[in-house]
Amino acid sequence: MNHQRQGLYQNQIKWIAIIAMTLNHIAHTLIYPGLVTAEISFSLRPELAWGNRYARMWIWYEVLKDIGLMTAPIMMVFLCEGYRYTRRLVRYFLRLLVAGVVAEPGFFLMNGWGYDMMFTLAILLAVVWVLRADIRYGKVSDEQYIEMQEYALKDGDKRVYGDGNLCRNFNRVLYKCENWLRFTFSGKVIAISLLYVASLYCDWNVISVPFIVLICQAMTSDGWDKKKLGKMFLCCIAVFFLTSLGGPEEISALHVLDILGETLGVSVGFALIYFLYNGQREPVSDSDGIAEKEISALGMQAMGMSDVKRSRRFESWFNKYWFYIYYPLHIYVLVILRQLLYPIYI
């Protein structure tokens, strides 16, 4: 039986999102400084202000910047999926924080303000936990939920957090917080308000928490409510457009055109998820089982079964961690290239 589905797998969409993010950072790091230095020279020679070179640079900057805006919506959706499926919630949160700390010096040099997107994703993971503290346990009663948590605290059940004795005290704090959040609406409001304030100092500062709150409304213990997810995506697009538009004094034809381009980039990210994502991380078929039977028949040593297992373990590790490595690495590479191309740019 073939278990493959039509459409794009999660890892394929992630690659598209990462390429788009890289293009956005190239626009901000390598093209925008050229526009700044060009404007300085144009102030000395006004007749060159609308020369072909300036126009081409401006168009490339706008196009690449808008394309890159599709990345954040995709990552927010996959963050929700990661929350629902992970058995190691604490480690998931810590991975985001560690990657954020590593990337922060380069991000500050690239943008000159705030904390990078990894910190944003860590905050959003906390928001998802606040809103859907019960989503990872399926449809269980309040009494069953409390019994599961008490069993986890007593015996270090890895089905709940997966951190065993290392984080038992931290799990105890989470257990008490989850009970508070699960049963009190005011607790959710207070926690999300505090997290929203924290997100104001990070990348995608104003709209990241509203986005994730809306997306969470379509989450169920069995997956996504597709019809509701589409409505939430439309709400996110509207929120992005209205918050980016600004006050009446900022509105102009060029400004509205710029915002429409950015909104289009965000919309493409949501469209990829809604129309093309097939709900699977990677292709799954019976070929792996058939291959193992053939290897067993021919002899594990002759076929190098240990090498096959080692290769699969590396592939699994790479799919899980490559983004955490690539994100800070590409930022530092772009910052170094900018300093080589524009030594006087600050």
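D258 is partly exposed, with a relative accessible area of 23%. The model in which D258 sits is a predicted one. This report starts from D258 and its charged partners, then turns to other contacts.

## Salt bridges

D258 meets the side chain of K65 in a salt bridge, 3.2 Å from N to O. That contact links distant parts of the chain: K65 is in helix α2, D258 is in helix α11, and 193 residues separate them. K65 counts as buried, because its relative accessibility is 6%.

How many salt bridges does the structure hold? The number is four. Three contacts of K65 are listed here.

| Pair | N to O distance |
|---|---|
| D66 and K65 | 3.2 Å |
| K65 and D258 | 3.2 Å |
| E262 and K65 | 2.8 Å |

The pair of E262 and K65 also spans two helices. E262 lies in helix α11 and K65 in helix α2, so this pair ties together parts that are 197 residues apart in sequence. Are E262 and K65 buried or exposed? Both are buried. D66 is buried as well, and so is K65.

Which residues make up the salt-bridge network? E62, K65, D66, D258 and E262 are linked in it.

## Nonpolar surface patch

Helices α2 and α11 also meet in a surface feature. W58, I59, V63, I67, L254 and L257 make a nonpolar surface patch of about 550 Å². The elements that give two or more residues to this patch are α2, residues 52-68, and α11. Which element gives the largest share? That is α2, with four residues.

V63 is one of the patch residues. Its place is in helix α2. V63 counts as partly exposed, because its relative accessibility is 39%.

## A contact with helix α1

A27 lies in helix α1, which covers residues 10-44. It is buried, with a relative accessible area of 0%. A27 and L64 are 37 residues apart in sequence. In space, their C-alpha atoms are 5.9 Å apart.

## Aromatic pairs

The structure holds 14 aromatic pairs. One of them joins Y115 and F119 in an edge-to-face arrangement. Their centres are 5.4 Å apart, with 65° between the planes. The pair counts as edge-to-face because that class needs planes over 60 degrees apart. Y115 counts as partly exposed, at 42% relative accessibility. F119 counts as buried, at 16% relative accessibility.

F211 and F270 form a tilted aromatic pair. Here the values are 5.8 Å centre to centre and 50° between the planes. F211 lies in helix α9, residues 208-216, and F270 in helix α11, residues 253-276, so the pair ties together parts that are 59 residues apart in sequence. F211 is buried, and F270 is too.

Which residues form one aromatic cluster with F211 and F270? The other members are W204, F233, F240, Y274 and F275.

## Charges over rings

Y274, from the aromatic cluster, also faces a charge. The charged end of K226 sits over the ring of Y274, 4.7 Å from its centre. A second contact of this kind involves arginine. The charged end of R84 sits over the ring of W224, 5.7 Å from its centre.

## Cysteines

How many disulfides does a search of the whole structure find? It finds zero. Why is C235 unbonded? The closest cysteine sulfur, in C236, is 7.1 Å from the sulfur of C235, which is too far for a bond. A disulfide needs the two sulfur atoms within 2.5 Å. Seen from C236, the result is stated likewise: C236 is in no disulfide, and the nearest cysteine sulfur, that of C235, is 7.1 Å away.

The two cysteines can also be placed by exposure. C235 is partly exposed, with a relative accessible area of 34%. C236 is buried, with a relative accessible area of 0%.

Definitions and conventions: Residues numbered from 1 in each chain as written. Predicted model: local features only at pLDDT ≥ 70, side-chain atom pairs only at ≥ 80, totals over all residues. Heavy atoms only, no water. Phe/Tyr/Trp six-rings, centres within 6.5 Å; stacked < 30°, edge-to-face > 60°. Buried < 20%, exposed > 50% of the residue type's maximum accessible area, 1.4 Å probe, protein only. Lys NZ or Arg CZ within 6 Å of the ring centre and 35° of its normal. Patch = residues over 30% accessible without salt bridge, like charges linked within 9 Å, V, L, I, M, F, W, Y side chains within 5 Å. Areas by Shrake-Rupley, 256 points an atom, 1.4 Å probe, with all protein chains shown as cover.
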